[in-house]
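I'm opening a fresh page for this one. The plan is to look things up one at a time and jot down what I find.

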Amino acid sequence: MARLDERLHRSPVRDGFVERQHFADAAAALWLEGELVHLEDLVLHDAHMDIRTPTHELTQAHAVLRTRRRIFAQKPDWALSRDGLTQLTGRCGAMPAGGQKSREGEGAEAGTVEADSRDDVEDDLLAEEFAEIDAVLARSSKLLSGADVPARTQRADERPDLIYDLDWNEDERLGEWQHVMARTRDLPVALRGAILLEVWQDIEVLQHATWLGPLLVAALLRQEGLAAGHLACLHLGAKNIPRERRRARNRSDRLLAALDAIHDAAVAGLKEHDRLVLAKSQMERRLKQRRSNSKLADLIELVLSRRSSRPA
């Protein structure tokens, strides 16, 4: 992981690498939940160029994508701060629509933040509607089968009990996870990250955003300097670990699986970085005999800095 971070520090394809990793990790997060989201569909959805109606899974993947971008755009210690956790663990497991704020001195990015905020509103509403429909269908199936379904009541915090478990105390579970984070402060960063990954999975902090835990651990790796220049793709690393290991009954086996996920995330990042560097060098060879007014060099930089699934 440290070797990957060092390469990215001086890499000419750093921006393109980071953007591609955001998309790959978002798709992997849904894969771990048993849902298939095509990378091309996610790219088109992010660009508001959908060729079909977005699915519930696609909007969830886009929520992961936006959360990764948001964490990476902030200071390294923001995600695990009180303000960061409050905003990232908002209602429905998604970012609050009004929570996006640009840092002081980043006025050039204000327009992008406002656009992302509008996207958040649209995607969060659509995701909530899909979740409500799924819950209604599940409740209807139970009623039709003759099961005893309790009547719905309104919660004090106005969260619809149709979607949320009345007995699921997210604040208490998050506090337990933060307590583990404080107790492991003196451990090596990678081991600490593996423990926090395992604990997040074990206590199931959030009902509708299980994908947030690996993002917070990736933010911890960034905060502690192990991955200071990027946000580690821990979902992508966990995708290479067999489910039997990730869900093993023995906690030691789960911890080893989490450590391997961190390792595999770094290995996958190194391979992707080398692939982009090779693609850049191959395309630049085509420019040796170009005209003096040729814009091909600018086109190559544009292609490599953007989020296409392949460097073309």
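Which residues does A194 touch, not counting residues up to four places away in sequence? I looked, and the list is L255, A258, L259 and I262. A194 sits in helix α8. I checked its accessibility too: A194 is buried, with a relative accessible area of 0%. I also took one C-alpha to C-alpha distance from there: A194 and R254 come out 8.8 Å apart in space, with their positions 60 residues apart in sequence.

**Entry: what I'm working with**

A note to self before going on: this is a predicted model. I looked up the confidence for the protein chain, and the mean pLDDT is 81. Of its residues, 77% reach 70 or more. By helix, I find the lowest confidence in α6 (residues 110-144), with a mean of 61. The highest is in helix α9 (residues 212-223), at 96.

I then went after the stretches where pLDDT stays under 50. One covers residues 91-115, and for this stretch the model has 40 contacts beyond four places in sequence. Another covers residues 308-312, with 16 such contacts.

**Entry: overall layout**

I counted elements next. The protein chain has 13 helices and zero strands, so my element string is just α repeated from the N terminus on. Of the 312 residues, 46% count as buried. I also asked how the contacts spread along the sequence. Among those with a separation of 6 or more, 66% are between residues 24 or more positions apart.

**Entry: back to α8**

R192 is in helix α8 as well. Is R192 buried or exposed? I get a relative accessible area of 5%, so R192 is buried, the cut-off being under 20%. Leaving out residues up to four places away in sequence, I find R192 touching M181, T184, R185, L187, L220 and E224.

**Entry: the nonpolar core**

I pulled up the largest nonpolar core, which has 63 residues. Which of them touch the most other members? My list reads I71, W177, W200, W211, L212, L216 and L234.

I picked L212 from that list for a closer look. Neighbours within four places in sequence aside, L212 is in contact with T67, L88, T89, W200 and L206. W200 therefore turns up twice in my notes, once among the core residues with the most touches and once as a contact of L212, contact being heavy atoms within 4.5 Å.

**Entry: cavity search**

How many cavities of 30 Å³ or more are there? I get one. The largest cavity has a volume of about 40 Å³. I wrote down its lining: M1, L4, F17, Q21, H230, L231, A232, C233, A265 and A266. By element, α2 (14-32) and α12 (251-285) each supply at least two of the lining residues. Sorted by type, the lining has eight nonpolar residues, two polar and no charged.

**Entry: second largest pocket**

I moved on to the second largest pocket, which holds about 590 Å³ of space. The elements giving two or more residues to its lining are α2, α8 (189-203), α10 (234-239) and α12. There are 23 lining residues in this pocket, and L32, Q201, T210, P214 and R247 lie nearest its centre. How do the lining residues divide by type? I count 13 nonpolar, four polar and six charged.

**Entry: backbone oddities**

Last, I went through the phi angles. Most residues other than glycine have a negative phi, so positive values get a line in the notebook.

H48 has a phi near 60 degrees, a positive value, and is not a glycine. I placed H48 in the loop between α3 (39-46) and α4 (56-73). H48 is exposed, with a relative accessible area of 52%.

E204, not a glycine either, has a positive phi of about 50 degrees. I found E204 in the loop between α8 and α9. Its relative accessible area is 41%, so E204 goes down as partly exposed.

Conventions
Residues are numbered from 1 along each chain as its sequence is written. This is a predicted model: local features need pLDDT of at least 70, side-chain atom pairs count only at pLDDT 80 or more; totals for chains, interfaces and linings use all residues. Side-chain values use heavy atoms; hydrogens and water are left out. A nonpolar core is a set of buried Ala, Val, Leu, Ile, Met, Phe, Trp, Tyr and Cys residues joined through side-chain atoms within 4.5 Å. Buried means under 20% relative accessible area, exposed over 50%, partly exposed in between (1.4 Å probe, protein chains only). On a 1 Å grid over the protein atoms alone, a cavity is a set of points where a 1.4 Å probe fits but cannot get out, and a pocket is an open set with protein on both sides within 12 Å along at least five of seven lines; lining residues have an atom within 4 Å of a point. Grid points are joined across faces, edges and corners, and a volume is the space filled by probe spheres set on the points. Helices (H or I, at least four residues) and strands (E, at least two) are DSSP runs, numbered from the N terminus. Ala, Val, Leu, Ile, Met, Phe, Trp, Tyr, Cys and Pro count as nonpolar, Asp, Glu, Lys and Arg as charged, and the others, Gly among them, as polar. pLDDT is the predictor's confidence in each residue, from 0 to 100.
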